[in-house]
Amino acid sequence: MYQFSGKLKTFSLALIVLGVIGIAFSFYSGSQTTIEDAKHAIEAASNDGHGGSHGESIEAPHTSDNSKVDNNASGVHHGEGSVDTTMSGHGAHDDDSHAEHVLHQLQNRPWSAFYVALFFSLGLTLLVLTFYAIQRVAQVGWSVVILRVMEAITGNLLPVSILMAIVIIASVMHLNHLFPWMAEGTFDPSSENYDPIVDGKSWWINSTGFLVRSIIYLILWNTYRFFIRKNSIKEDTANDGNKTYKKNYNASVIFLFVFMITETMMSWDWIMGLDPHWFSTLFAWYVLATLLVSALTVIAFFTIYLRSKNALPGVNDSHIHDLAKFMFGFSVFWTYLWFAQFMLIWYADIPEETTYYVARFTEYKLPFLGMVVMNFAFPVLLLINSDFKSKPWFVFIGGVVILAGHYIDVFIMVMPSTVGAQWFFGIPEISALLFFIGLIIYTTLSSFAKANPVPKGNPFLAESEHFHYYNIEHSGEDSGDHH
Amino acid sequence: MEANKVIHAFYTDDEVLVDAVKAVKAEHHHIEEVFCPFPVHGLDKAMGLAPTRLAITAFFYGITGLGVAIWLTNYIMIQDWPQDIGGKPSFSWFENMPAFVPIMFELTVFFAAHLMVITFYMRSRIWPFKEAENPDPRTTDDHFLMEIPVHNNEEALTSLLAKTGAVEINVVDKH
């Protein structure tokens, strides 16, 4: 049995406490933001050709018309005025409504910062659970010795699900402005906030449906996690002719079916819902790819760490090699979906779709392009070599860049819709990250310590322990171990 | 001439063959060639063959293909005749880059795949009308053959091979 070391426990708790303090501070200072701060932000933006600090300014010719510049600075809706007024829920262009808009963005920032890290943490934990279910359904031979690592990481699912439920309830209760369609009067034709486009979608995006659906997703995922964890441990001592094993197989088949449906709707509700005027058909796949790469990287990290502590007796370099192959392959898969979505929209250039990328390309150029380097070029060049893939420290370096890159990806999915040009990577973002890193370390290692690290009852265990990829030399083994 | 003689040892099982190769290597005899009807896992390691560098060549062929694609799209679409086709920005290569990515991808794969295959053919000396070098037709069906050159040690080699489970041992003249 693995013993959760006191040092690491203190370290993860310190991260959590530090995160909580930072989050509390940013919520406090966020609540102190006034309409005056918003006006300052607008002024600052138009004075320095708005957002000079964020790299390129908008290429469209600037008129001296102040309100037009302000409108650009506010973020989500760019380009031609005609598009803006029809597409935007914030149609009016006078200064006060703009200041209010920017004020909402400033007030959103602590929420968004928390939401990005929360969604990333929840999503990658969920995808670890899904990858685990895939291993069971595909009756995979190699990964049996690391099934308990994956199981342990899913220990993070319940706490982050509860936090997600809290954020969703808070949003529905109008404690934040994350989801613009929740604004007062959006569905009311007599209101000046009335938005006919969003109203046309109100059969799907309405607060009740959103709340009910969200809670259902979370309950379904946690139910499977609770069931499979209990029965997986039961499998060790069951000795019932693989009856428990087959039960777990069936449960995993059902979960994968449920997961594909809930994951698709979840990405519509939780991410695409931040931009209610915009839609994309392959979006759910794209979100899935981001979270899957991150999930595999986190599995590799915990496997490498626990192996270095001699807590995983059956794991050898070939298992690391396979995880790295998955990280490599799904990095390419992510790039494929990212580019497929971008290129189709860029090529056809339909204004109602293009606004999504215009906002990201003008105000988020560095992270937007930087993440392609981090999520594609870097892992592809680093992990293409078969020998490198079996070196734990190499996989670690690649993994750090991949995780950072996919955090930025989620950041870019969320931030332009909620805070627009008012983004910055500062205390709110860093403390939310620290909090969720500490949380996943704590929950994973404490649940890993609660079960036998080797799933003894799995019929594929022996195969997994003897797993060797023919092409690589293992460190610390003599050639007799190869066949 | 003794040096022109080789021993052909036949085996009927791949496991036995790999063990025989290890035994022969342990006695420091040079194995000229092993003929198999199908790939035998671990045979190259047992024989001590150097790893292939085919994947490395493929990587560079791929980079070449990418370079060709970038040059091609830039020359044709941007330099030679920068037309306005449906409003696509042809002022610089980067501005129109997304439209070129499918070509860049395909040419990278095309170059990497085809040039690697041709490299394989050349290095393995395979081509149409090439005369087959098979010493015994049974090695394409159900027999494995180990070929060892003889240097005045015919007796020792034969007894060693007999111990390794060879089903047939022939000393033949190498043409």
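**Exercise 1. A ring pair between two helices**

Task: In this predicted model, is A:Phe342 buried or exposed, and what geometry does its aromatic pair with A:Tyr357 have?

Solution:
- Step 1. Start with accessibility. A:Phe342 has a relative accessible area of 11%. The cut-off for buried is under 20%, so A:Phe342 is buried.
- Step 2. Do the same for the partner. A:Tyr357 has a relative accessible area of 6% and is therefore buried.
- Step 3. Now look at the rings. The centres of A:Phe342 and A:Tyr357 are 5.1 Å apart, and their planes meet at 85 degrees. Planes over 60 degrees apart count as edge-to-face, and that is the class of this pair.
- Step 4. Place the pair in the chain. A:Phe342 belongs to helix 12 of chain A and A:Tyr357 to helix 13 of chain A; with their positions 15 residues apart, the pair links distant parts of the chain.
- Step 5. Widen the view. Both rings are members of a cluster linked by ring pairs, which also includes A:Trp278, A:Trp334, A:Trp338 and A:Phe361.

**Exercise 2. A ring pair within one helix**

Task: How many aromatic pairs does the whole structure hold, and which class describes A:Phe255 with A:Phe259?

Solution:
- Step 1. A search over all chains finds 52 aromatic pairs.
- Step 2. For A:Phe255 and A:Phe259, the ring centres are 5.9 Å apart and the planes are 35 degrees apart, which makes the pair tilted.
- Step 3. Both residues sit in helix 10 (residues 243-270) of chain A, and their spacing of 4 residues is about one turn of the helix.
- Step 4. A:Phe255 and A:Phe259 are both buried.

**Exercise 3. A threonine in helix 13**

Task: Where does A:Thr354 lie, and which residues does A:Thr354 touch beyond four places in sequence?

Solution:
- Step 1. Find A:Thr354 in helix 13 of chain A, which spans residues 351-363.
- Step 2. A:Thr354 counts as buried because its relative accessibility is 13%.
- Step 3. Setting aside residues up to four places away, A:Thr354 touches A:Ile345 and A:Asp349.
- Step 4. Check the side chain for polar partners. One of its polar atoms lies 2.9 Å from the backbone oxygen of A:Ile350.
- Step 5. For a sense of distance, take A:Val395: 41 residues from A:Thr354 in sequence, and 36 Å in space from C-alpha to C-alpha.

**Exercise 4. A network of charges**

Task: Which residues are linked with A:Arg148 in a network of salt bridges, and what is the N to O distance between A:Arg148 and A:Glu151?

Solution:
- Step 1. The side chains of A:Arg148 and A:Glu151 form a salt bridge, with N and O 2.9 Å apart.
- Step 2. These two residues share helix 6 (residues 147-153) of chain A and are 3 residues apart, about one turn of the helix.
- Step 3. Look at their surroundings. A:Arg148 is buried, at a relative accessible area of 1%, and A:Glu151 is buried too, at 2%.
- Step 4. A:Arg148 has a further salt bridge, to A:Asp236, where the closest N and O atoms are 3.0 Å apart. A:Asp236 is in helix 9 (residues 207-238) of chain A while A:Arg148 is in helix 6, so the pair ties together parts 88 residues apart in sequence.
- Step 5. Put the pieces together: the network links A:Arg148, A:Glu151, A:Arg229 and A:Asp236.

**Exercise 5. Where the chains meet**

Task: How much area do chain A and chain B bury between them, and how many salt bridges does the rule find across the interface?

Solution:
- Step 1. Count the residues: 10 from chain A are in contact with 13 from chain B.
- Step 2. Take the area. The two chains bury about 1100 Å² between them, with 70% of it on carbon and sulfur atoms.
- Step 3. Ask about charge and polarity. The rule finds 0 salt bridges across the interface, and the count of residue pairs in polar contact, both at pLDDT 80 or more, is 1.
- Step 4. Find the main contributor. Helix 12 (residues 317-348) gives the most to the side of chain A that touches chain B, with 5 residues.
- Step 5. Sort that side of chain A by class: 8 residues are nonpolar, 1 is polar and 1 is charged.

Note on methods:
Residues numbered from 1 in each chain as written. Chains lettered and ligands numbered in written order. Heavy atoms only, no water. Contact = heavy atoms within 4.5 Å. Buried area = accessible area lost by both parts, 1.4 Å probe. Salt bridge = Lys/Arg side-chain N within 4 Å of Asp/Glu carboxyl O. Polar contact = N/O pair within 3.5 Å; in protein donor to acceptor, adjacent residues only side chain to side chain. Nonpolar A, V, L, I, M, F, W, Y, C, P; charged D, E, K, R; others polar. Buried < 20%, exposed > 50% of the residue type's maximum accessible area, 1.4 Å probe, protein only. Phe/Tyr/Trp six-rings, centres within 6.5 Å; stacked < 30°, edge-to-face > 60°.
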